[in-house]
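Welcome to a short set of exercises on reading a protein fold. Keep the sequence and the 3D view side by side, and try each task before you read its solution.

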Amino acid sequence: MNLLKNILARVLALWALVTFIITFLIVLIPSMLCWLVPDPAGQRIFILIARTWMTVWLPLVFCRFRIKGRKHFAKGQAYVVCFNHNSLMDVPLSAAFTPGANKTIAKSSFAKIPLFGFFYMKGSVLVNRNSEKSRKESFDKMKNVLAKGMHMDIYPEGTRNRSSEPLKKFHDGAFRLSADTGAPVMPAVIFNTKKVLPLHKAFYFWPQKVEMHFLPPVSPAGMNVEQLREKIFALMKDYYLQHDH
């Protein structure tokens, strides 16, 4: 039975990759036209295209998707949205389904991928984690994103969580950004992407019901960076443990 599942999962992985590429090529040209429209309007259109892409692709790969908590986004307020990070699926899903214009903090190396790199650059604030200059520049760019009224999507674990714990230890960046700008932190918990793309299995895809839950925002007022980080970590960990299934 396990052998049959492993074979089917590899077939599904190939199908997921092929459909991802084909649907990406369809949305590439209209999404690139968004470079011509000043932000935040251009980014709002770009996210709408990305959301349409993911809305089409998820059923093609037999994944149901559910989103909760959009009501927590107040009109006209920009948020530092903090996501857990378990899978390569997390970034395209979080960017597409965060309500309103947003950008994602992302590794600069992905921008070198042919064609996809242009799409990636439009949706992201790029950072080379090995360069102190790049980290500082990316922090200033994230402040500018928030100043334009757009949300900033950040994965405070830094990399995908390969541990058996619900969350890895958080880095300070998202919470320093919130403290410096006054933008509230919106905790967001993604479920089941690790089951779709298990980190310990190569070229493996197993459809699941994927969920994204936005939690009530937390103001940085009255807290330092460490206190804010620990508060968000506790909220997200507790919520994950209570709702994971």
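Helices (H or I, at least four residues) and strands (E, at least two) are DSSP runs, numbered from the N terminus. The model is predicted, so local features need pLDDT of at least 70 and side-chain atom pairs count only at pLDDT 80 or more, while totals for chains, interfaces and linings use all residues. Residues are numbered from 1 along each chain as its sequence is written, and side-chain values use heavy atoms, with hydrogens and water left out.

**Exercise 1. Find the loop that holds Asn-192, and describe its backbone.**

Step 1: Asn-192 sits in the loop between β6 and α7 (193–196).
Step 2: Its phi is near 80°, a positive value in a residue other than glycine.
Step 3: For background, most residues other than glycine have a negative phi, and most peptide bonds are trans.
Step 4: Now check burial, where buried means under 20% relative accessible area, exposed over 50%, and partly exposed in between (1.4 Å probe, protein chains only). Asn-192 has 9% relative accessibility and counts as buried.
Step 5: Phe-203, in the loop between α7 and β7, also has a positive phi, of about 50°. At 45% relative accessibility, Phe-203 counts as partly exposed.
Step 6: Finally, look at Pro-40, in the loop between α1 (2–32) and α2. A cis peptide bond with omega of about 10° joins Asp-39 to Pro-40.

**Exercise 2. Work out the order of the strands in the sheet.**

Step 1: Two strands pair if DSSP finds at least two bridges between them.
Step 2: The open sheet has 7 strands, in the order β1-β7-β6-β2-β5-β3-β4, and its pairing is mixed.
Step 3: At the edges are β1 (64–68) and β4 (124–127); each has a single partner strand, so one side of each has no neighbour in the sheet.
Step 4: Zoom in on β2 (residues 80–83) and β6 (residues 185–191), which pair in the parallel sense over 4 bridges. Here Cys-82 stands opposite Pro-187 in β6.

**Exercise 3. Describe how α6 and α8 pack.**

Step 1: Two packed helices are described by the angle between their axes and the distance between the axes. Axes are lines fitted to C-alpha atoms, for helices over the stretch in contact, and angles run from 0 to 180 degrees between N-to-C directions.
Step 2: For α6 and α8 the angle is about 120° and the axes are 9 Å apart.
Step 3: Angles under 35 degrees count as roughly parallel, over 145 as roughly antiparallel, 65 to 115 as roughly perpendicular and the rest as oblique. The two helices, α6 and α8, are therefore oblique to each other.
Step 4: Contact means heavy atoms within 4.5 Å. Phe-175, Arg-176, Ser-178 and Ala-179 in α6 meet Val-225, Leu-228, Arg-229 and Ile-232 in α8.

**Exercise 4. Is Ala-50 buried or exposed?**

Step 1: Ala-50 belongs to helix α2 (residues 41–60).
Step 2: With a relative accessible area of 7%, Ala-50 is buried.
Step 3: Not counting residues up to four places away in sequence, Ala-50 touches Ala-96 and Phe-119. The C-alpha atoms of Ala-50 and Ala-95 are separated by 7.8 Å, though these residues lie 45 residues apart along the chain.
Step 4: Turn to helix α3 (residues 90–97), where 6 of the 8 residues are buried, so α3 is largely enclosed by the rest of the structure. Among the buried residues are Ala-95 and Ala-96.
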